[in-house]
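This report walks through the fold from a sheet to selected residues. Please keep the sequence and the coordinates in view while reading.

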Amino acid sequence: MGKTGIVGGGASGLMAAVCAARRGEDVTVLESRDRIGKKILATGNGKCNLSNRDFQIGRDYRGHSTDRLHRYFSRFCVEDTVLFFRERGMLIADREGYLYPRCGQASAVLEALAGELDGLGVVTVCDCPVRHIRPPRGGRGSFRVETSQGDFSFDRLILACGSPAGNRKREGSGGQELARELGLFCHEMLPALVQLRCREGWYQRLAGVRCPAGISLHIEGDEAGSPPYEQGELQLTDYGISGIPVFQLSRYASQALRDGRRVRARIDFLPEIPREDWVPFCLEQYRICEGRTALQLGNGLVHKKVAQLLLAECGLKDGDRVDRRTKKKVFAFLDSLRRFETEVIATNPTENAQVCMGGVSFDEVTDDLESRRIPGLFLCGEMLDVDGRCGGYNLQWAWTSGFIAGTSAARTR
């Protein structure tokens, strides 16, 4: 029996611990927080969207080396995740491809993992941030891990430290610092799946509005290609824009803003109307509302607060009549429903993000997620340079990479 240490008690670290211990390893998990699995409890609004059957690697994952991901997902896929939790007594609910524990409680996922750890004799040490890691010299000996609770010695070590996403300021950045201290190349970690802050001063008037919308992100210098686009429920806040479609686009804004490039979001408040039907729709709307007030023109099309803002931007007052005198402004208002632009000036900080983009380069690891530089060192989860879309894809990567790191570490005796 060998000794495997795991730095980080999140989803990937706990999966790695289960897989290594099931193969006979003496496993210890070192967790910096006061308990393991805290992020699991927060996922899916407390319901834990643990994977997704609508799964396309090229669409659902981003990073610098996503072409390598098929090698990992071929070893532990979505159905393996379903089977893993079913074998621990949990039923999975499939909601149009989105997978949740049937009970609707994220705690069930954590309890399934924690129960397995207890049964396998895995030791968990909480409130135990790691300060330094000293790898074996010349490839021989043990990993010496210096922590706030003393030193630990392991034959093999798995880094599953996560990212700063969702943590208090500076908390969670230690994993990247440890990796760099070990000589591993890391892409800068930036917020992804996060809200966007906008320049305009009228957002306080729109705070709380939720509405269907299509959103495209226009980045200075990227005008040649098609802008990234998402559709879903938009949430307007007192500082900018939020909601699932915004989260899906936010990594592109993070990177562009870091590079000093201007970013604009274009919002289509009526994405369900085909482009070829738009001109006839506008003519019909004008005909129906002719003689009525400008506010009635927007009634039922968009939220009243949005309509009032766009009418004012086009020079119309709520009580102005729709007629030949206002026809040009009326069509400008209708056009603004499809082409409303706002300037993005920042993302919310990493503590508001669900995940971060960036991390240790895949060039640093083998197909077993073992470090090419330091034999016996493995990495998994958000430590690596991959981030997924909303919808359970990041947790699927945690299960997959944790399985591979844990089983590979146990095999490297």
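## The parallel sheet

In this predicted model, five strands form an open sheet with parallel pairing. Their order is 7-2-1-11-20. Strand 7 (123-125) and strand 20 (377-379) stand at the edges. Each has a single partner strand, so one side of each is left without a neighbour in the sheet. Direction ignored, neighbouring strands of this sheet are turned by 20° against each other on average.

Strand 1 (residues 3-7) pairs with strand 2 (residues 26-30) in the parallel sense, over five bridges. Within this pairing, Ile-6 has Val-29 of strand 2 as its bridge partner. Helix 1 (residues 11-22) packs on the sheet. Helix 1 touches strand 1, strand 2 and strand 11 (156-159). Its direction makes about 170° with that of strand 2.

## Nonpolar cores

The largest nonpolar core has 75 residues. Leu-159 and Trp-399 have the most contacts inside this core. Leaving out residues up to four places away in sequence, Leu-159 touches Val-7, Ile-133, Leu-182, Leu-377, Phe-378, Leu-379, Cys-380 and Met-383. A second, separate core of 47 residues includes Ile-241, Ala-253, Val-263 and Tyr-286. As a general trend, nonpolar side chains tend to be buried together in soluble globular proteins.

## Strand 12 and the annotated insert

Strand 12 is mostly covered, with six of its seven residues buried. Strand 12 pairs with strand 19 (residues 355-360) over five bridges, in the antiparallel sense. One bridge joins Pro-191 to Cys-356 of strand 19.

UniProt lists residues 191-355 as "domain: RsdA/BaiN/AoA(So)-like insert", in an unreviewed entry. Over residues 191-355 the chain is 34% helix and 25% strand. The end C-alpha atoms of this stretch are 7 Å apart.

## Around Leu-184

Leu-184 sits in the loop between helix 7 (174-181) and strand 12. Leu-184 counts as buried because its relative accessibility is 3%, under the 20% cut-off. Neighbours within four places in sequence aside, Leu-184 is in contact with Ala-179, Val-360, Glu-364, Ser-371, Arg-373, Leu-377 and Leu-379. Arg-373 is 189 residues from Leu-184 in sequence. In space, the C-alpha atoms of Leu-184 and Arg-373 are 8.0 Å apart.

## Two positive phi angles

Most residues other than glycine have a negative phi. Where do Leu-193 and Glu-96 lie? Leu-193 lies in the loop between strand 12 (186-192) and strand 13 (196-198). Glu-96 is in the loop between strand 5 (92-95) and strand 6 (98-101).

Leu-193 has a positive phi of about 50°. For Glu-96, phi is positive too, near 55°. Their surroundings can be read from accessibility. Leu-193 is buried, at 2% relative accessibility. Glu-96 is exposed, with a relative accessible area of 79%.

## Arg-71 and its partner

Arg-71 is found in helix 4 (residues 69-73). Is Arg-71 buried or exposed? Arg-71 is partly exposed, because its relative accessibility is 35%, and that class lies between 20% and 50%.

The side chain of Arg-71 makes a polar contact with the side chain of Asp-367, at 3.0 Å. Asp-368 is 297 residues from Arg-71 along the chain. The C-alpha atoms of Arg-71 and Asp-368 are separated by 9.6 Å.

Technical notes
Residues are numbered from 1 along each chain as its sequence is written. This is a predicted model: local features need pLDDT of at least 70, side-chain atom pairs count only at pLDDT 80 or more; totals for chains, interfaces and linings use all residues. Side-chain values use heavy atoms; hydrogens and water are left out. Helices (H or I, at least four residues) and strands (E, at least two) are DSSP runs, numbered from the N terminus. Buried means under 20% relative accessible area, exposed over 50%, partly exposed in between (1.4 Å probe, protein chains only). A polar contact is a pair of N or O atoms within 3.5 Å; within protein, one must be able to donate a hydrogen and the other to accept it, and residues adjacent in sequence count only if both atoms are side-chain atoms. UniProt positions are given in the numbering used here, feature names are shortened, and annotations may be inferred rather than shown by experiment. Contact means heavy atoms within 4.5 Å. A nonpolar core is a set of buried Ala, Val, Leu, Ile, Met, Phe, Trp, Tyr and Cys residues joined through side-chain atoms within 4.5 Å. Two strands pair if DSSP finds at least two bridges between them. Axes are lines fitted to C-alpha atoms, for helices over the stretch in contact, and angles run from 0 to 180 degrees between N-to-C directions.
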